[in-house]
Amino acid sequence: YYGVEKIIEKEFDVFKSEQAQQHCFKISCYTIKSVSNVSDSTNLDGVRGVETVTMGDSTYVVAAAQLSDKIVIFDISNPASPKSVGSLADGGSLELNGPVELDIATIGGKPYAVVAAYDDSGIDIIDISDPTNPTSVGRATHDSDYTELVNPYDVAITTIGDSTYAVVTAYTDDGIQIIDISDPTSPSATAALADSGGSFRCLAASHLCLNGPVDVEIATIGGSTYAVVAGSLDDGIEIIDISTPASPSSVGRLTDRDDPTRELDGANGVAITTIGSSTYAVVTGTNDDGVSIIDISTPSTPVIVSELEDGTDTGVCTDANGERCLDGPRDVEIETINGLTYAIVASHLDDAITIIDITNVSNPSIVASMYDSSTKELDQAKGVSIFTIGASTYVVVGSATDDGIEIIQIMDRQI
């Protein structure tokens, strides 16, 4: 049964087939299988960010197509047969020129896609409660009120008290903008926080590391709410206390400034998880071709716990050459399956995704990977989102060069 008999004899074994890549260990057998994909150079041109949402009995993915200047919604309730059901393109007063990332907010029982439009230097708030008819209801753009919103790169949603906020990274402004979206039709600027310390490096411990901010994720630690931001040009992360949204304060940071061996050069993707009593940030280092696991349980003093790097770059990520498929890692998401915690990483230079078991944070291990081929949509894989239907876990990947999405099933059968 998927090589289980051999596991009694061997600590590690790998099985391959055309339909799936199977990786078996002593106590678990992992199978990842491509179940479907969509390619559409007209509507998914340069697709990057993808987010999944469940409404009623149906599951959808909302994809941000940067070069198509639109979002596209697919019904993925049957992962083997995704169906395009709705879209919204830029035009008029909409802020959808060059959408790169998005997050989903639920406000008043309705789901909204909050989209970062890089070329518009703004965000658009889109009512997606009717997936066949997504409707823009509110927007914000860089001006005297929104001072840190030039070339927004990512959005994270959080609820503090009775209000809902969007935390937006502004790549060119080198800062973050906090926006109250409690009334989606009338968003308001709450506060902003800008970089300090000059260009391209955090030169002192007191400097904020917000040069070229990209991904942002929210962590709740000890009753306080924090934004964890990847500063791609500062090669590290900045941890910001946003518990009082009108007065955000930087509390901690970690870069490769004092240890260039850290896998933080070109810090890009961030994902937050709690394992045991500790909170961790998993961070991709795009230029370092690696992943760092950082203990942020004490936000003022984050600590590197472990790292994993690509290894020798052969130029082609395959099982045969043993390459780890971590060349140019971008987005990362975390999922718990059968009690084990995994980081799923999209690597845009290897055109691949890699699944890393981080249950033992001190000793992360790669358990499976999938790379591009003529039948897959993984060329320049950049965005990742995870969804569950029934007992099955899936990953949807946005691939910028392929102008498409790939849906992959992850199976972990405990032995």
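1. Let's start with strand E10 (residues 122-127), which is joined to E11 by 6 bridges, the two running antiparallel. One of these contacts is easy to find: Ile123 has Ala140 in E11 as its bridge partner. Two strands are said to pair if DSSP finds at least two bridges between them. The strands themselves are DSSP runs (E, at least two residues), numbered from the N terminus.

2. Before going on, please note that this is a predicted model, in which local features need pLDDT of at least 70 and side-chain atom pairs count only at pLDDT 80 or more, while totals for chains, interfaces and linings use all residues. Residues are numbered from 1 along each chain as its sequence is written, and side-chain values use heavy atoms, with hydrogens and water left out.

3. Now step back to see where E10 and E11 sit. They belong to an open sheet of 4 strands in the order E8-E9-E10-E11, with antiparallel pairing. Strand E8 (99-107) and strand E11 (135-141) are the edges, each pairing on one side only. On average, neighbouring strands in this sheet are turned by 20° against each other, direction ignored; the axes behind such angles are lines fitted to C-alpha atoms, and angles run from 0 to 180 degrees between N-to-C directions.

4. Further along the chain there is another open sheet of 4 strands, ordered E20-E21-E22-E23 and paired antiparallel. Its edge strands are E20 (267-275) and E23 (303-309), each of which pairs on one side only. Here too, the average turn between neighbouring strands is 20°, direction ignored. E20 and strand E21 (residues 278-285) pair in the antiparallel sense over 7 bridges, and Ala271 stands opposite Val282 in E21.

5. Which strand is mostly covered, with 6 of its 6 residues buried? That is strand E26 (residues 352-357). Buried means under 20% relative accessible area, exposed means over 50%, and partly exposed lies in between (1.4 Å probe, protein chains only). In a regular strand the side chains alternate between the two faces of the sheet. In E26 both faces are covered: Ala352, Thr354 and Ile356 are buried on one side, and Ile353, Ile355 and Asp357 on the other.

6. E26 has partners to look at as well. Strand E25 (residues 340-347) pairs with E26 in the antiparallel sense over 6 bridges, and Ala343 has Ile356 as its bridge partner. E25 and E26 form a hairpin with 4 residues between them, and Asp351 in the turn has a positive phi of about 50°. E26 also pairs antiparallel with strand E27 (residues 365-371) over 6 bridges; there, the bridge partner of Asp357 is Ser365.

7. Finally, the aromatic rings. The whole structure holds 3 aromatic pairs (rings of Phe, Tyr and Trp, the last by its six-membered ring, with centres within 6.5 Å; planes under 30 degrees apart count as stacked, over 60 as edge-to-face, the rest as tilted). Tyr153 and Tyr171 form a tilted pair, 5.8 Å centre to centre with 35° between the planes. This pair links distant parts of the chain: Tyr153 lies in strand E12 (residues 152-160) and Tyr171 in the loop between strand E13 (163-170) and strand E14 (175-180), 18 residues apart. Tyr153 counts as buried because its relative accessibility is 12%, whereas Tyr171, at 24%, is partly exposed. The rings of Phe387 and Tyr394 count as stacked because their centres are 5.2 Å apart and their planes are at 15°. Both Phe387 and Tyr394 are buried. One aromatic cluster is formed by Tyr118, Tyr153 and Tyr171.
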